[in-house]
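Here is a walk through the empty spaces inside one protein model. The enclosed space is taken up before the open one.

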Amino acid sequence: MERKTPVISPEDLRRQAEIAQYIREFWQNQGVTPVACVETYGCQQNEADSEQIRGILEQCGYGFTDAAEGADLVVINTCAIREHAAQRVFGNVGALVHTKRRHPGQKIFVCGCMMGQPEISARMKNSYAHVDGIFSPHHLWQLPEHLYRVLIRHKKAWAVEDSNGAIAEGLPVVRTNALKAWVSVMYGCNNFCSYCIVPYVRGRERSRLPADILAECRDLIATGYREITLLGQNVNSYGKDLGLGVDFADLLTQIADLPGDFLLRFMTSHPRDASHKLFDTMASRPKIARQFHLPFQSGNDRILKEMNRHYDRAQYLELIDYGRKLMPDIVFTSDVIVGFPGETEEEFEDTVSLIERVRFDALFTFIYSPRPGTPAAKMPDPTPKEEKNRRFDRLLAVQNAISEEKHRAYVGKTVRVLVDGRDGDRLTARTGGGRLVRFEGDDGLIGKFIDVTVTDATTWSLVGAVTM
Ligand code: SAH
Ligand code: SF4
Ligand code: F3S
């Protein structure tokens, strides 16, 4: 089968690199090293995109700062997943009027998932006169061109028109962390869960070629990265569009078999496509972390159907049981939505009972937020906000008790961790299952895999001592 995934041509990428070089010289001629502030909202996919934005900006001659105040360029990379995230963005972009007034040369770009929503990007364009440019995730690779328009031609840059979301390989990257790297293996989502905006703003599923992903991972390991997290909205449908006969489990195997001391993680898995083969692969490769983020969203079959999730409670539990039978030490984490339109008290109780049955190590709990344009936003939703808040609090209390018990069970055990930094007088590290451990130790341990004996635990983290 022919590859259907669209890609950006090398000539188009070269042209952007040339424009970047032009912008770099533009600044050099003025004897100025410009600084950019890139602010990121949302998920790891957006974090990874921001690393490419920084990569492109570095090519254009920019250094970086955490503060918008005084920056020559501010880029706000937005998230559209819930109303609250969107409101914060509007507030923060609004406040940039003042930083720009104090630093008139400042240029402001807004990008990311919110800019993939036509009514939102139109509002940004029409009501926020101090914003110089906006672009949706599909147009990130053309950042040099957008910047050229704003900086050199003194025009506004709008790039939000529909696109096939072609993949740009080989964009420069400035990574935030020197030990842990994100690697996107695919973009977009085809699932259209009825509450979710992602397929509308990120487009259809497109997979990168296995060879490109392997080359990137090989490079990362060679430069000393110790942890690689493969990213996609639904990693288990990786490769379906490529027709190469390589599925996600095959890709994981190929990466895990690269030489070097590193840990391989991945997210997110959709229960509909998570296969036994994937669990078998995890069990067979020690470099694959035994952590599985498997969002269940609801424990009730009617709600799951309304959510268009294509699995039921029994199928979900079967996956968990299969994974645990194969790997008793596997750590499961999940996402759940409370207050989906029409969710009754009884249906909510099914979610509580699923949590009690599975006993996740960690759970991300969200109150349903209507996203304009999605099917769920049109469903009747009679449950009052206070009631949804009450359900949310109840879930949190149930989960917190479980998290704490699970953490307590670590006390006395020895765990292998990757030491990733320092927080005050303690080193910080993560277990293969993603649990945070703090302990006393020398900075020389940062970047190493070591054994730590757990001495104490809280709901959120473990305390330990280096095992001699
Ligand atoms: N692709 C991933 C999740 C991406 S969004 C997956 O399918 O698992 C991360 C989480 O945000 C989702 O798992 C869901 O729990 C939550 N979420 C998505 N849309 C939401 C909405 N409209 N309201 C509340 N939570 C939502
Ligand atoms: Fe959204 Fe569902 Fe796709 Fe996840 S799988 S990004 S929840 S549509
Ligand atoms: Fe948000 Fe876009 Fe991620 S909507 S959660 S940043 S894919």
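By residue class, the largest cavity is lined by eight nonpolar, five polar and three charged residues. The model is a predicted one. In total, 16 residues line the largest cavity. Those that lie nearest its centre are Gln52, Pro137, Ala166, Tyr187 and Arg206. The volume of the largest cavity is about 220 Å³. With a cut-off of 30 Å³ or more, the count is one cavity.

Which domains contribute to the lining of the largest cavity? Domain 1 (10-159) supplies at least three of the lining residues, and domain 2 (180-408) likewise supplies at least three.

The second largest pocket is the next space to look at. This pocket holds about 740 Å³ of space. Its lining consists of 28 residues, and nearest the centre lie Arg290, Asp329, Val331, Gly432 and Gly433. Sorted by class, the lining of the second largest pocket has 14 nonpolar residues, 10 charged residues and four polar ones.

Two strands can be traced in the wall of this pocket: strand E15 (414-423) and strand E16 (426-431) each give at least two residues to the lining. E15 provides five residues, the largest share of the lining of the second largest pocket.

Where does the second largest pocket lie with respect to the domains? Its lining takes residues from both domain 2 (180-408) and domain 3 (414-466), so the second largest pocket lies between these domains. Domain 2 (180-408) thus has a part in the lining of the second largest pocket, and domain 2 also gives residues to the lining of the largest cavity.

Technical notes: Residues numbered from 1 in each chain as written. Chains lettered and ligands numbered in written order. Predicted model: local features only at pLDDT ≥ 70, side-chain atom pairs only at ≥ 80, totals over all residues. Heavy atoms only, no water. 1 Å grid on protein atoms, 1.4 Å probe; cavity = no way out; pocket = protein on both sides within 12 Å on 5 of 7 lines; lining within 4 Å. Points joined across faces, edges and corners; volume = space filled by probe spheres on them. Nonpolar A, V, L, I, M, F, W, Y, C, P; charged D, E, K, R; others polar. Domains from an automatic or database assignment. Helix = DSSP H or I, 4+ residues; strand = E, 2+ residues; numbered from the N terminus.
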